[in-house]
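Trainee: I'd like a close look at one strand rather than a tour of everything. Could you take me through it piece by piece?

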Amino acid sequence: MIEVVRGDITKIAVDAIVNAANSSLMGGGGVDGAIHRAGGNAILEECKKIAAKQGGCETGKAVITTGGNLPAQFVIHTVGPIWYGGNNHERERLADCYKNALKLAVENNCKSVAFPSISTGVYRFPKEEAAQIAVRTVSEFLSKHIEIEKVLFVCFDDENEVLISKELHKM
Ligand code: AR6
């Protein structure tokens, strides 16, 4: 089941919420800042350990930490592509974010996962195309993995909510 909701992802009680992080994993603005602020220091401490071990996180890849003080049990941090015009594998990398985050969710026995609109803020990915990639990639994954029962697209702004809803209605 895939649903779209309007709101703040830090308030969502699911097994895992996904963070639109950067490759340092050391926090930042946007949804990343909101998740670290609301989740508390335990998240950053785990991110630091991961960064020390593997040198951060590459674009399109994902890592998992505790949810700290959040209602979600886990945070899956993925690094979206920065939009440089579309000729730098941005679309593939964005699809990789959704796939790799869901793979990690399955490996950690998560049944419900919430995503923000990865890369559509500071990283400037065009929102309409990002919505198409998000919905297509998640539905393809769910058709092959019955372990995940629910995916929520949590939209912070009107525009993403409309665009994701439009893509969901096409299905
Ligand atoms: N809940 C849900 N969505 C949110 C929230 C929230 N609390 N806050 C913002 N959004 P962005 P990016 C939406 O910029 O483009 C950070 O500094 C926002 O409206 O957070 O992947 C990182 O450290 C937008 O639609 O992430 C990286 O450096 C979406 O989340 C960089 O930004 C993504 O916007 C990543 O850029």
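Which residue in β5 is the bridge partner of Ala16?

Mentor: It's Val113 that bridges to Ala16 from β5. Before we go on, keep in mind that this is a predicted model, where local features need pLDDT of at least 70, side-chain atom pairs count only at pLDDT 80 or more, and totals for chains, interfaces and linings use all residues. Residues are numbered from 1 along each chain as its sequence is written, and side-chain values use heavy atoms, with hydrogens and water left out.

Now to your strand. Ala16 belongs to β2, which covers residues 16-21 (helices, H or I, have at least four residues and strands, E, at least two; both are DSSP runs numbered from the N terminus). Toward β5 (residues 112-115), β2 runs parallel and is joined by two bridges. Toward β4 (residues 74-79), β2 is parallel again, and here six bridges do the joining. One of the contacts with β4 puts Asn19 opposite its bridge partner His77.

Zoom out a little and you'll see β2 sitting between β5 and β4 in an open sheet of six strands, ordered β1-β6-β5-β2-β4-β3, with mixed pairing (two strands pair if DSSP finds at least two bridges between them). At the edges are β1 (2-6) and β3 (62-66), each pairing on one side only. On the other side of β5, the neighbour is β6, parallel as well, and held by four bridges; Phe115 there has Phe153 of β6 as its bridge partner.

How covered is β2? Mostly: five of its six residues are buried (under 20% relative accessible area; exposed is over 50%, partly exposed in between, with a 1.4 Å probe and protein chains only).

β2 also helps to line the largest pocket, where β2, α1 (30-39) and β6 (150-155) each put in at least two residues. That pocket holds about 530 Å³ of space (an open set of points on a 1 Å grid over the protein atoms alone, where a 1.4 Å probe fits, with protein on both sides within 12 Å along at least five of seven lines; lining residues have an atom within 4 Å of a point; points join across faces, edges and corners, and the volume is what probe spheres set on them fill). Of its 27 lining residues, Ala20, Gly30, Val31, Asp32 and Gly121 come closest to the centre. Ala20 falls within β2, while Gly30, Val31 and Asp32 fall within α1. The biggest share of the lining comes from α1, with four residues.
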